[in-house]
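Colleague: Could you pick one piece of this model and take me through it slowly? I'd like to know which way its side chains point and what sits on either side.

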Amino acid sequence: MAQKVVLKIMTMNDEKTKKKAIEAVADIYGVDSIAADLKEQKLTIIGDMDTVAIAKKLKKIGKVDIVTVGPAKEEKKDEKKDEKKDEKK
């Protein structure tokens with residue numbers, strides 16, 4: 001089951017650090033997509049991976065705070081569509 005992890009990296013304030021963070025996370029098995037936001041210093045990762053492994057790897061770059069961990073939004077949309085179909089019947 002795919003999950004969405006949002007991390008805040010305190011030291012991610014330039015392109016060089018952003019690139020290091022993305023490259024570090026890309027090496028982890030099970031990562032499907034990575035999105036980085038420099039303004040908010042957030043890194044969003046979607047895939048079937050270990051959250052602790054990601055945090056450990058990013059700790060080398062700087063202080064890491066786990067903001068949220070939950071299911072990927074794609075799965076929620078499918079569930080809502082199924083519920084609407086049931087209601088119409």
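Modeller: First, a term: buried is under 20% relative accessible area, exposed is over 50%, and partly exposed lies in between (1.4 Å probe, protein chains only). The model is predicted, so to speak of local features I need pLDDT of at least 70, and 80 or more for side-chain atom pairs, while totals for chains, interfaces and linings use all residues. Numbering starts from 1 along each chain as its sequence is written, and side-chain values use heavy atoms, without hydrogens or water.

Let's take strand 3, residues 42-47 (strands are DSSP E runs of at least two residues, helices H or I runs of at least four, numbered from the N terminus). Leu43, Ile45 and Gly47 are buried and point to one face, while Lys42, Thr44 and Ile46 point to the other and aren't buried.

Now the neighbours. Strands pair if DSSP finds at least two bridges between them. The open sheet has 4 strands in the order 2-3-1-4, with antiparallel pairing. Strands 2 and 4 (64-71) are at the edges with a single partner strand each, so one side of each has no neighbour in the sheet.

Strand 3 is joined to strand 1 (residues 3-9) by 6 bridges, and to strand 2 (residues 31-37) by 6 bridges. Look at Ile46: it is the bridge partner of Lys4 and also of Ser33. In the hairpin from strand 2 to strand 3, 4 residues lie between the strands, and one of them, Gln41, takes a positive phi near 55 degrees.

Back on the buried face, Ile45 is in contact (heavy atoms within 4.5 Å) with Ile54, which also touches Leu7, Val25, Ile28 and Met49, leaving out residues up to four places away in sequence.
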